[in-house]
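Here's a quick tour for anyone meeting this structure for the first time. Have a look at the view below, then read on.

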Amino acid sequence: MRGSTPSIHCYNIPMQRKVFWMTFAVVGLIADVALPFWWALVATVPIGMASWWIAYRSEWF
C-alpha cells in the first residue's frame, strides 16, 4: 500500500541542517589551518558542495 509508512524526510530536516553546518565548519577549519589563505578561500566552494552532498543527498541522515 503506497503511503502507509510515514515520511521520515520531514523528521530529518533539522538533523540534515546540523550535519551540513558541522561538516562545513569542521572541514573549513581544517582547510584554514592546513592551507594558505587564498587556497583555503578557494576551497570553501568545494567544501560547501561536499557538505551539502553529505547532509542532503547521501541519504545517510
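## Rings along the first helix

Phe24 counts as partly exposed, with a relative accessibility of 24%; that label covers whatever falls between buried (under 20% relative accessible area) and exposed (over 50%), using a 1.4 Å probe and protein chains only. This is a predicted model, where local features need pLDDT of at least 70, side-chain atom pairs count only at pLDDT 80 or more, and totals for chains, interfaces and linings use all residues. Residues are numbered from 1 along each chain as its sequence is written, and side-chain values use heavy atoms, with hydrogens and water left out.

Phe24 shares helix α1 (residues 9–34) with Trp21, 3 residues away, or about one turn of the helix. Helices here are DSSP runs of H or I with at least four residues, numbered from the N terminus.

## Aromatic pairs

Rings of Phe, Tyr and Trp (its six-membered ring) pair if their centres lie within 6.5 Å; planes under 30 degrees apart are stacked, over 60 edge-to-face, and the rest tilted. That rule gives 5 aromatic pairs. Trp21 and Phe24 make an edge-to-face pair, because their planes sit at 90°, with ring centres 5.9 Å apart. Ring pairs also tie Phe20, Trp21, Phe24 and Tyr56 into a cluster.

Then there's Phe37 with Trp38: centres 5.0 Å apart and planes at 75°, so this pair is edge-to-face. Both Phe37 and Trp38 are exposed.

## Just past α2

Ser58 sits in the segment after α2 (37–57). Ser58 is buried, at 12% relative accessible area. Its side chain reaches the backbone oxygen of Ile54 at 2.6 Å.

Key: Helices (H or I, at least four residues) and strands (E, at least two) are DSSP runs, numbered from the N terminus. A polar contact is a pair of N or O atoms within 3.5 Å; within protein, one must be able to donate a hydrogen and the other to accept it, and residues adjacent in sequence count only if both atoms are side-chain atoms.
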